[in-house]
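Here's a quick briefing on how the two parts of this chain sit against each other. Have a look at the structure first, then run through the points below.

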Amino acid sequence: MNSQPSIKRAQFENVSLSFDTPKGILRVVDDVSYDIHDGDFIAVIGPSGCGKTTMMSMLAGFQKPTTGEVLFDGHPVKGPGPERGVIFQEYGVFPWLTVKENISFGLKLKANHVPVKEQNQICEHYLALMGLSDFANSYPKHLSGGMRQRLAIARAYAVKPQFLLMDEPFGALDAQTRANMQNLLLKVLASEGKTVMLITHSVEEAIYLASRIVVVTARPARIKEIIDVPFAYPRDESLQERPEFGELRSHIRELVMSEYRAQQAQMRPASFSE
Ligand SMILES: Nc1ncnc2c1ncn2[C@@H]1O[C@H](COP(=O)(O)OP(=O)(O)OP(=O)(O)O)[C@@H](O)[C@H]1O
Ligand SMILES: [Mg+2]
């Protein structure tokens, strides 16, 4: 994963996006440029509401830039595609399907070419891996928030997309499950060699998982700093005890905190003075 990959899978080229809102034009992403190479693991971190999901949704094919271009494998992104698996911030599960049907859903799509025999095996595998076997025939409304999130992860992993777009996939999980899910993701990546773009609010998670961290500013999201994470894969949790991990964490925390402060200042009423 950290062997200096060189094939460009995704490119943000001077990308800006504004929403036309009742209160006027809201600029959310501002002149963002960076490349994601094959095998990269990019973590995007920045204050709430700054434009991270919007940025990812352009690569997923759900939003179009106002100016600039988002390319995937050298072509402008025109819509969603099976090679890009998305895990949404708000659990991407279908409420009208059971847990098992949710996992099988993508496998049954013709574009994914999974033979019928294999569909069941894959489904059982991920049910067990995510601790959901006992709930195979339950509907999402009968699951806890964390279980729904694990189901969303299982759905995305099951179809083995080459490129994973993950929007705060572990946010609703307890600390231990979150650590398990992080380690599982590292394992999946080691065996399947994927490219990942992950949005997170956790600096530790970003450093532990990513090969590169894109720190973005308060809205509108601009690139504040892109940091190469200097730790080789495979990684294990002992990494988090190393002094270099702590130093990087302090540096990134400070970057993120300064953007939170900038955001707070923006939100403060003009008449307010300290
Ligand atoms: N469809 C839309 N129309 C108008 N405004 C929108 C739309 N989608 C998002 N926004 C606004 O764009 C800004 C950025 O939203 P976005 O969801 O990208 O933030 P985010 O960085 O992912 O935040 P969080 O960390 O809280 O998930 C927010 O102010 C939001 O209100
Ligand atoms: Mg978001």
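The domain bounds used here come from an automatic or database domain assignment. For this chain, that assignment gives domain 1 (1-83 + 162-274) and domain 2 (92-160). Keep in mind that this is a predicted model.

**How the domains sit**
- Taken over C-alpha atoms, the centres of domain 1 and domain 2 are 26 Å apart.
- On the domain 1 side, 17 residues are in contact with 12 residues of domain 2.

**Buried area**
- Between them, domain 1 and domain 2 bury about 1,100 Å², and 66% of that is on carbon and sulfur atoms.
- Which three residues supply the most of what domain 1 buries against domain 2? They're Pro82, Met181 and Leu184, which together supply 34% of that area.

**Polar and charged links**
- You'll find one salt bridge between domain 1 and domain 2.
- Lys160 and Glu192 pair up through their side chains in a salt bridge, at 3.8 Å from N to O.
- The interface also has three residue pairs in polar contact, with both residues at pLDDT 80 or more.

**What domain 1 brings to the interface**
- β7 (163-167) and α5 (175-192) are the elements that each give two or more residues to the side of domain 1 touching domain 2.
- Of the elements there, α5 gives the most, with six residues.
- Sorted by class, that side of domain 1 has 11 nonpolar, three polar and three charged residues.

Conventions:
Residues are numbered from 1 along each chain as its sequence is written. Chains are lettered from A and ligands numbered from 1 in the order in which they are written. This is a predicted model: local features need pLDDT of at least 70, side-chain atom pairs count only at pLDDT 80 or more; totals for chains, interfaces and linings use all residues. Side-chain values use heavy atoms; hydrogens and water are left out. Contact means heavy atoms within 4.5 Å. Buried area is the accessible area (1.4 Å probe) that two parts lose on being put together, summed over both. A salt bridge is a side-chain nitrogen of Lys or Arg within 4 Å of a carboxyl oxygen of Asp or Glu. A polar contact is a pair of N or O atoms within 3.5 Å; within protein, one must be able to donate a hydrogen and the other to accept it, and residues adjacent in sequence count only if both atoms are side-chain atoms. Helices (H or I, at least four residues) and strands (E, at least two) are DSSP runs, numbered from the N terminus. Ala, Val, Leu, Ile, Met, Phe, Trp, Tyr, Cys and Pro count as nonpolar, Asp, Glu, Lys and Arg as charged, and the others, Gly among them, as polar.
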